[in-house]
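Let's take a walk through this one together, from a turn in the chain to a pocket and a few contacts along the way. Have the viewer open and follow along.

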Amino acid sequence: MRRYKLRAGDMDQRVTITYPLYSSPPDEVASWPTLATLYAMVEFLVGDEVVSGDREVSKQLAKVKVHHRSDINTTMRLTHRSIEYDIRAVVDVDGKRESL
């Protein structure tokens with residue numbers, strides 16, 4: 001298993017984590033307030049364009065590493081360079097609670 005030590009110099013991109021704030025009825029998202037703005041390492045893995053309805057939609061998969069936080073989960077979004085991404089997984093990379 002390859003070990004990767006996350007160094008501060010690797011985290012040179014700013015990302016913003018937002019969370020859903022629900023209104024009544026509870027299934028509607030009223031807004032996305034900011035949880036935190038962090039330095040991160042962003043690595044783009046794959047991109048694709050698909051047709052959804054009558055328009056073309058771009059999809060891009062990225063791996064983002066930040067210092068460990070216990071308050072980030074998959075209901076949240078991440079913004080990088082003014083583009084919003086849904087958070088699909090939150091993984092403690094090495095089990096040491098150093099990075100996600």
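Start with Ser82, which is exposed because its relative accessible area is 73%, over the 50% cut-off for that label. Keep in mind as you look around that this is a predicted model. Ser82 sits in the loop between E6 and E7, and its backbone is worth a click: phi is near 70 degrees, a positive value in a residue other than glycine. That is worth a second look because most residues other than glycine have a negative phi.

Now step back to Arg81. Arg81 is also placed in the loop between E6 and E7, and its phi is positive too, near 50 degrees, again in a residue other than glycine. Is Arg81 buried or exposed? Its relative accessibility is 59%, so Arg81 counts as exposed.

From that loop, move on to the largest pocket. Its volume comes to about 900 Å³, and the strands that give two or more residues to its lining are E4 (34-52), E5 (55-65), E6 (77-80) and E7 (83-86). So which element supplies the largest share of the lining? That would be E5, with 9 residues. In total, 31 residues line the pocket, and the ones nearest its centre are Leu61, Ala62, Tyr85, Asp86 and Arg88. If you're thinking about the chemistry of that lining, it splits into 20 nonpolar, 4 polar and 7 charged residues.

Next, follow the chain back to Thr16, in strand E1 (residues 13-18). What does the side chain of Thr16 pair up with in a polar contact? The partner is the side chain of Thr37, at 3.4 Å. Leaving aside residues up to four places away in sequence, Thr16 touches Thr34, Ala36 and Thr37, and also Arg77, Leu78 and Thr79. Two of the strands you met at the pocket turn up again here, since the residue ranges of E4 (34-52) and E6 (77-80) take in these contact partners of Thr16.

Last stop: His68, in the loop between E5 and E6. His68 counts as partly exposed because its relative accessibility is 23%, and the buried label is kept for values under 20%. Which part of the chain comes by here? The C-alpha atoms of His68 and Asp92 are separated by 7.5 Å, though the two residues are 24 residues apart along the chain.

Notes:
Residues numbered from 1 in each chain as written. Predicted model: local features only at pLDDT ≥ 70, side-chain atom pairs only at ≥ 80, totals over all residues. Heavy atoms only, no water. 1 Å grid on protein atoms, 1.4 Å probe; cavity = no way out; pocket = protein on both sides within 12 Å on 5 of 7 lines; lining within 4 Å. Points joined across faces, edges and corners; volume = space filled by probe spheres on them. Helix = DSSP H or I, 4+ residues; strand = E, 2+ residues; numbered from the N terminus. Nonpolar A, V, L, I, M, F, W, Y, C, P; charged D, E, K, R; others polar. Polar contact = N/O pair within 3.5 Å; in protein donor to acceptor, adjacent residues only side chain to side chain. Contact = heavy atoms within 4.5 Å. Buried < 20%, exposed > 50% of the residue type's maximum accessible area, 1.4 Å probe, protein only.
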